[in-house]
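Here's a friendly walk through the structure below, one topic at a time. Keep the 3D view open as you read, and look up each residue as it comes along.

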Amino acid sequence: MLSKFLVKKFIKNYQDTDKSSVRNAYGFLASIIGIISNSLLFAVKLFIGIISHSISVTADAFNNLSDATSSLITMLGFKLASKPPDEEHPFGHGRIEYISGLFVSFMVILVGFEFIKSSYSRITNPVNVKFQLLPFILILLSILIKVWLSRFNKYIGKTINSSALQASSFDALSDVITSSCVALSFIISKWTSIPIDGYIGILISLFIIYSGYSLIKDTLNPLLGESPDPQLVNKIINGILSYKHITGVHDLIIHNYGPSKCMATVHAEVPDTISIVKIHEIIDMAERQLSDDLNIILVIHMDPINTNNKEVTFARNELEKLIEPYPMIKSIHDFRIVGQGESKNLIFDIVIDYSQNLTNEFEDKIKRDLDNEIKKIHPKYNAIITIDRDFT
């Protein structure tokens, strides 16, 4: 496979994709291949467009030029994103990769709108397209190059978990469709005077705009703060629970500072009967080992839980039964009983599903309903409830 051959040939220690230097080498290789391939395709298609007077071929040529520019900006993005942390950016510059992708996306959309205007002009003012065999063969060859480039970017994107390169793979695949339409219009123009060239040009322009929109979506989501990778969430939770004396986790929050650059904070539940020094050693070990294994910065907050008090255990079991009719409640945590005598406070947090409309009125209603249900069983218990969101 050519993609694997290029990786093995030009990337040292290509299997160590967790290392930033290796990841950057993958990004540079994909960018250089993209620049060379798309620049060559631009030159060939521009020449074909000029000699055949085809606006659709010319539009496709400048689409390839925008792809070459995109690869250049992606390469610069990888370079800037690899800069080490500094005083103003203590978590590094990884998000520059997303910003560069966003810039490329707007460029792609601009090219699409410009060629809609040119294609519409070709429909209102038709120009005869000259079919020639050699240019047609070159267009077919360009389609094959784009098919390979799509697979190459997809392979690299999956290997280093780069949304920018995976988006480039999709963009190359859409180019295959547009170039195929160009080839089709080239053939049809041989037998008709209808300005099919202009209509195909508009179709290609719409594909270009859609590609830009897809790129914007892929690059804007992590900047806005999208949900973390479910696989990473499971690895963190299962990893923490694998340590002795840790019985539960909650309030996991993962911040994305660029591809493969994450910081996570989480609360770990531990029995309150264990020495603080001992459990601190376990928490400290979990933070250090999981941070290294998952290539993240992990901070664990310790939550002591009363596991030997029969009243607490009984009350929690009753509460778990009470919340069963509330499908929007995903879980409860930090459950404790505070106070003396019969009048006591039940303090706990509930996690609400994101599909619910979490207005203040909705939250207040849930709190009142649960408090009323608890008072039916224990009239002198007062429920103090905190509503949490699930950030995963």
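## Helix 1 against helix 2

In this predicted model, start with helix 1 (residues 2-10) and helix 2 (residues 20-52), which pack at an angle of about 125° with their axes 11 Å apart. An angle over 145 would count as roughly antiparallel, so at about 125° this pair is called oblique instead. As for handedness, helix 1 passes helix 2 in a right-handed crossing.

Who does the touching? On the helix 1 side you'll find Leu6, Val7 and Phe10, and across from them Tyr26, Leu29 and Ile33 of helix 2. Sorted by class, that gives six nonpolar residues, with no polar and no charged ones.

## Helix 1 against helix 5

Helix 1 also meets helix 5. Here the axes come within 9 Å and cross at roughly 55°, so this pair is oblique too. Once more the crossing is right-handed, with helix 1 passing helix 5.

Helix 1 brings Leu2, Ser3, Lys4, Leu6 and Val7 to this contact, while helix 5 offers Trp148, Phe152, Tyr155 and Ile156. By class, they split into seven nonpolar, one polar and one charged. If Leu6 and Val7 ring a bell, that's because they turned up in the contact with helix 2 and are listed for helix 5 as well.

## Helix 2 against helix 5

Now for the third pairing: what angle do the axes of helix 2 and helix 5 make where they cross? The answer is roughly 165°, with the axes coming within 10 Å, and helix 5 covers residues 133-160. Since angles over 145 count as roughly antiparallel, that's how helix 2 and helix 5 are described.

The crossing of helix 2 and helix 5 is left-handed. Its contact has 17 nonpolar, seven polar and three charged residues.

For a single residue at this meeting place, try Ser37, which belongs to helix 2. Is Ser37 buried or exposed? Ser37 has a relative accessible area of 14%, so it counts as buried. Leaving out residues up to four places away in sequence, Ser37 touches Ile145 and Leu149.

## Thr178 in helix 6

Next, look for Thr178 in helix 6. With a relative accessibility of 1%, Thr178 counts as buried. Apart from its neighbours within four places in sequence, Thr178 is in contact with Asp60, Asn63, Ile204 and Phe207.

You can also compare Thr178 with Asn221: 43 residues separate them in sequence, and their C-alpha atoms are 27 Å apart in space.

## Leu241 in helix 8

Helix 8 holds Leu241. Leu241 has a relative accessible area of 36%, so it counts as partly exposed. Setting aside neighbours within four places in sequence, its contacts are Ile246, Thr247, Gly248 and Val249.

Looking back along the chain, Glu226 is 15 residues away from Leu241, and the two C-alpha atoms are separated by 25 Å.

## Two residues with positive phi

Most residues other than glycine have a negative phi. That makes the next two worth a look.

His245 has a phi near 80°, a positive value in a residue that isn't glycine. Where does His245 sit? You'll find His245 in the loop between helix 8 (230-241) and strand 1 (248-256). At 23% relative accessible area, His245 is partly exposed.

Asn295 isn't a glycine either, yet its phi is positive at about 55°. Asn295 lies in the loop between helix 9 and strand 3 (296-305). Its relative accessibility is 32%, so Asn295 counts as partly exposed.

## How confident is the prediction?

The protein chain has a mean pLDDT of 82, and 94% of its residues reach 70 or more.

Which elements mark the two ends of the confidence range? Helix 6 (residues 163-188) has the lowest mean pLDDT among the elements of the chain, at 73. Helix 9 (residues 276-294) has the highest, at 92. Keep the value for helix 6 in mind when you go back to Thr178, which lies in that helix.

Note on methods:
Residues numbered from 1 in each chain as written. Predicted model: local features only at pLDDT ≥ 70, side-chain atom pairs only at ≥ 80, totals over all residues. Heavy atoms only, no water. pLDDT = per-residue confidence, 0-100. Helix = DSSP H or I, 4+ residues; strand = E, 2+ residues; numbered from the N terminus. Axes fitted to C-alpha atoms, helices over the stretch in contact; angles between N-to-C directions. Parallel < 35°, antiparallel > 145°, perpendicular 65-115°, else oblique. Left-handed = near helix turned anticlockwise from the far one by under 90°. Contact = heavy atoms within 4.5 Å. Nonpolar A, V, L, I, M, F, W, Y, C, P; charged D, E, K, R; others polar. Buried < 20%, exposed > 50% of the residue type's maximum accessible area, 1.4 Å probe, protein only.
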